[in-house]
2 protein chains.
Amino acid sequence: MTASTDRLDVVGIGNAMVDVLTHENDEFVAAQGLVKGSMTLIDADRALELYDQMGTGIEVSGGSAANTIAGVASLGGTGAYIGKVRDDQLGDIFAHDMRSIGVEFDVPRSTEGSPTGRCLILVTPDGERTLSTFLGASTGLTTDDIDGSLVHRARILYLEGYLWDPPAAKAAMREAASHAVGDDQRVSLTLSDSFCVDRHRESFLDLIDTSIDVLFANEDEITSLLEVDSVEAAIEGIAGRTEICVVTQGAAGSSIVTADGVVKVFAEVVDHVVDTTGAGDLYASGFLLALARGHDLETCGRLGSIAAAEIISHIGPRPEVNLAELVASKFG
Amino acid sequence: MTASTDRLDVVGIGNAMVDVLTHENDEFVAAQGLVKGSMTLIDADRALELYDQMGTGIEVSGGSAANTIAGVASLGGTGAYIGKVRDDQLGDIFAHDMRSIGVEFDVPRSTEGSPTGRCLILVTPDGERTLSTFLGASTGLTTDDIDGSLVHRARILYLEGYLWDPPAAKAAMREAASHAVGDDQRVSLTLSDSFCVDRHRESFLDLIDTSIDVLFANEDEITSLLEVDSVEAAIEGIAGRTEICVVTQGAAGSSIVTADGVVKVFAEVVDHVVDTTGAGDLYASGFLLALARGHDLETCGRLGSIAAAEIISHIGPRPEVNLAELVASKFG
């Protein structure tokens, strides 16, 4: 078998995770010393301790960029994923769920060391989620895992900011970006989390200025990145610094910022928000697929909003319906 | 530490399972050669093959009697569970989910042989589910795992019909029943599945006549057990053969059959049935807890119906809300 040379809409790189979701109240989140809505990195011991306190869980494949690529596939696009799991049962689940939705996922699994990473997610009654991440095997991603020919096939290479934490993985992301330099290729980055931005502000700005064409951030992340007090100031500061910067704003929709101005896109109406896990990831699925296929920015944003709305209407960060059919019904 | 001597409302014995749920259409179920709504036992190879074909999954702790005992705990009762998992990640998940809801679960895990059992569940758009069960480590349950002092503490010992398949587990169930002979103890059995009844009709009838005080069955199971054509004939045939026989009838409610007659209980109204997995298991939770606490049969049935209605309104067979609070709001 020779390797495929078909173009791929999006190739994503990120921390490969299985999510463990439980319903908890605000008091529980506070008692665990966690900041509601944030992501905290935890070690193996703390992961066991927190899990021990948590209620009955639901296990689903997660990982920010992995969710995005799964969403691209569900929308009818083509995608591949680069991330590291171990040869354990959670790794089996992660690999199955990527391939079952049609995503290419061929990174060799680690056979020793930490188990597959997991993200312990406390979902509060308002649908907000608080993440505690044990990176586990995902920190084992290195430049050796970057298949240059795979990256060459990507219309868009998508990088997850969370992956900036493990040093070897950061090098792997840079390596991948170095392969995505074709005239018809774009490199995209999501800032992932405002604390993550705090940890890596300088190197994120350097990366954005040198390599990033499409940047995703929510309001907290973009204001933290530019150390400004308002979203308006952040939008002014980022305009033209990358080709496209998308600022996601929850129920207020999203702002798509280019050197030419700002395109505002409304959020889809959701009757009942169950779990916001994956909202930003799935917005990126819709946006990137539409962009890869040459649609205008408004259509990109609209597709992102539709995919995000489906995800927050149920528990878990992977689509429960075929998103291509959902989109077809909306665009009638 | 000395062992507790506190009474327990219900002690359950069953196949310890992690459920893997996916949304599939009727064509997929048929193409896999499965009968919609049934449970098929599969081996390790077939489990891998079927999983490979299935879409993105959700993993949740399952196991019929385990769901029942978790429901008893969520309703505010006390319970213990006897079943076998391995020392693997799915075993960790199963053990966590039992203890996190307050269930005593101290059966030693197997350290070799088959991995923790799993049940591959195809949920079709009508909310119906088709089960393919790889028993895995759960077949390793033996009489050595039966803690007589634990069974002595039970107001009700609850036996899962599915466990009649592995021979050693069947012996373990008989051993457990031999410990539950106090004047204030009842032994209960659920028939689990009509194919399971077909496989074990004679020995189930023998067990019912000699040891069972409370029998649970749906319409298919009770007619299969007695080899009659109608539910009416089955009710006539079973009346007085056990102290109480509960026939669950889905949206039509349930019939509680004793030598004195039949008590009809309505089903709770459910706006939208998402996934019927666990409906019978949770009905048993409510019924058994009310019975253990000395309530009348109508109240037993009503509590069963409320617990079942909560479970079928979301995916997965374990309660998403505190059932004790839900019941309090209904009985207000």
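**Exercise 1. Work out how chain A is superposed on chain B**.

*Solution.* Start with the rotation: turning by 180° with 0.0 Å of shift along the axis lays chain A on chain B, with an RMSD of 0.0 Å. The two copies are thus related as by a two-fold rotation axis. The fit is by least squares on the C-alpha atoms of residues with pLDDT of at least 70 in both copies. This is a predicted model, where local features need pLDDT of at least 70, side-chain atom pairs count only at pLDDT 80 or more, and totals for chains, interfaces and linings use all residues. Residues are numbered from 1 along each chain as its sequence is written, while chains are lettered from A and ligands numbered from 1 in the order in which they are written.

Next, look at the axis: in chain A, the residue closest to it is Glu59(A), whose C-alpha lies at 2.4 Å.

**Exercise 2. Find the order of the eight strands in the open sheet of chain B**.

*Solution.* Reading across, you meet β5-β1-β8-β9-β10-β11-β12-β13, with mixed pairing. At the edges stand β5 (79–82) and β13 (261–265) of chain B, each with a single partner strand, so one side of each has no neighbour in the sheet. From one strand to the next, the twist averages 20°. Strands here are DSSP runs of E with at least two residues, numbered from the N terminus, and two of them pair if DSSP finds at least two bridges between them.

**Exercise 3. Describe how β8 and β9 of chain B are joined**.

*Solution.* Strand β8 (residues 154–160) and strand β9 (residues 186–190) of chain B run parallel, joined by five bridges. Within this pair, Leu157(B) has Val187(B) in β9(B) as its bridge partner.

Note on methods: Helices (H or I, at least four residues) and strands (E, at least two) are DSSP runs, numbered from the N terminus. Axes are lines fitted to C-alpha atoms, for helices over the stretch in contact, and angles run from 0 to 180 degrees between N-to-C directions.
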